[in-house]
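Work through the exercises below with the structure in view. Try each task before reading its solution.

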Amino acid sequence: MSGTLTLRNRHRTRRVDLRLLRRIARALLRDAQPDGSFELGVYLVAAPEMTRLNETFLRHQGSTDVITFN
């Protein structure tokens, strides 16, 4: 698999098993992009940072569950 997968937990109060999350993401990516052509970054953040990102980039008030960028 030659694509790029980046996982970061920037949420300081919630522990996340990044090794497990990486295995799950790689398995899904193998099915979705068998040629290995992907670039995926997953950043887990707390509500205040999500609110800031949502308001800065999407001009939406408040927090949200997920933001995606191309």
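**Exercise 1.** Find where His11 sits, and decide whether His11 is buried or exposed.

Solution. His11 is placed in the loop between S1 and H1. The model is a predicted one. The relative accessible area of His11 is 18%. Buried means under 20%, so His11 counts as buried. Next, leave aside the neighbours within four places in sequence: His11 is then in contact with Leu44, Val45 and Ala46.

**Exercise 2.** Which residues make up the largest nonpolar core, and which elements each supply at least two of them?

Solution. The largest nonpolar core has 5 residues: Leu5, Leu7, Ala25, Leu29 and Phe38. At least two residues of this core come from strand S1 (4-9), and at least two from helix H1 (18-32). Now take Leu5, one of the core residues. With neighbours within four places in sequence left aside, the contacts of Leu5 are Arg22, Ala25, Arg26, Leu29, Phe38 and Leu40.

**Exercise 3.** Count the aromatic pairs and classify what you find.

Solution. A pair of aromatic rings is described by the distance of the centres and the angle of the planes. Centres must lie within 6.5 Å, and planes over 60 degrees apart count as edge-to-face. The count comes to 1 aromatic pair. The ring centres of Phe57 and Phe69 are 5.4 Å apart and the planes stand at 75°, so this pair is edge-to-face. Phe57 belongs to helix H2 (residues 47-57) and Phe69 to the segment after H2, so the pair ties together parts 12 residues apart in sequence. As a last step, check accessibility: both Phe57 and Phe69 are exposed.

Methods. Residues numbered from 1 in each chain as written. Predicted model: local features only at pLDDT ≥ 70, side-chain atom pairs only at ≥ 80, totals over all residues. Heavy atoms only, no water. Phe/Tyr/Trp six-rings, centres within 6.5 Å; stacked < 30°, edge-to-face > 60°. Helix = DSSP H or I, 4+ residues; strand = E, 2+ residues; numbered from the N terminus. Buried < 20%, exposed > 50% of the residue type's maximum accessible area, 1.4 Å probe, protein only. Core = buried A, V, L, I, M, F, W, Y, C linked by side-chain atoms within 4.5 Å. Contact = heavy atoms within 4.5 Å.
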